[in-house]
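Reader: I'm new to reading structures. Please take me through one helix of this protein, slowly and closely.

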Amino acid sequence: MLINPHSFPPHLRPILAVLLACLACLSAALAEPLPPKPDGYLYDPAHWLDPATADSISRQLETNERASSNQILVALIPALPENTALEDFCFRTFQFWAPGQKGKDNGAVLFIFQKDRRARIEVGYGLEPVLPDGLAGSIIREKIAPALKENDPAGAVRAGVSAIIQATRSEYKGTGQTNADNFLQRHPALTAALVGILLLMLAIWSHTGDTVYQRAGRFVFYNIFDLFRLILFALLSGASGGKFKGGGGRSGGGGASGSW
């Protein structure tokens, strides 16, 4: 039954709004928990894939993001939660993980549920023209399901990932970086400012006097300076190294499901 707020007296409407907000929070809390946001391109909590295969697939997906800006993930989930519809669970997980760049919505997730023997490719809005439902379905039927029937999860994931990349690689152009590349490398002006502050701190420290109080102050200042230096070094260190950071992409429920 729908509740019309305007049917309530004006002085009761704020109370109604609070009650509805509490009800929404309660409903969210009672809903089936979603998988946590992954820190890599491959979510495999049960370690279904061997480490070498998992690393190879993760690197392939990272390279793909650098080249195309598309964010493609693989989720190997032991079992679909009870009394949960496959399409709904995958859609909500996609929205929570948010693969794909904001505004482009160029993300996709390959879900495989081992115990249920079911799979789904959930597609973001921006990739639907090149990865329509029909093609997503054929990838599951022709590339993924045959390998899974032979108890070859590594072959299934490799084939599925390669087919999705092949279908989507030319839709967008990448920048050579990923969303997970460190923040300061993508903001050179801020990096220069932080380095300048670090040098200024070093200059101030080097000109402190030599009284007892000045030595104590210099000791505290040096420790702050050293901590700042370590933080800056950590922020400037390398690229993402297989890490994943969602870009805010959305899905309209496009994609396909299948079984084996």
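Author: Here is a close look at helix α2, with a little on its setting.

This is a predicted model. The protein has seven helices and five strands. Along the sequence they run α-β-α-β-α-β-β-α-α-α-α-β. Of the 260 residues, 40% are buried.

Now to α2 itself. The helix covers residues 51-68, which is 18 residues. How far apart should its ends be? Counting 1.5 Å a residue, the expected span is 26 Å. The end C-alpha atoms are 26 Å apart, so the model agrees with the expected value.

Look at the start of α2. There, a side-chain oxygen of Asp 50 comes within 3.2 Å of the backbone nitrogen of Ala 52. Then go to the other end. Just after the helix, Ser 69 has a positive phi of about 70°.

Which residues of α2 are buried? They are Thr 53, Ala 54, Ile 57, Ser 58, Leu 61, Glu 62, Asn 64, Glu 65, Arg 66 and Ser 68. A general point helps in reading that list. An α-helix has 3.6 residues a turn, so residues three or four places apart point the same way.

What covers the buried residues of α2? The cover includes strand β1 (42-43), strand β2 (71-77) and helix α5 (153-168).

Contacts across the protein give the wider setting. Take those between residues at least 6 apart in sequence: 75% of them join residues at least 24 apart.

Conventions: Residues numbered from 1 in each chain as written. Predicted model: local features only at pLDDT ≥ 70, side-chain atom pairs only at ≥ 80, totals over all residues. Heavy atoms only, no water. Helix = DSSP H or I, 4+ residues; strand = E, 2+ residues; numbered from the N terminus. Buried < 20%, exposed > 50% of the residue type's maximum accessible area, 1.4 Å probe, protein only. Contact = heavy atoms within 4.5 Å. Expected span 1.5 Å × (residues − 1). Polar contact = N/O pair within 3.5 Å; in protein donor to acceptor, adjacent residues only side chain to side chain.
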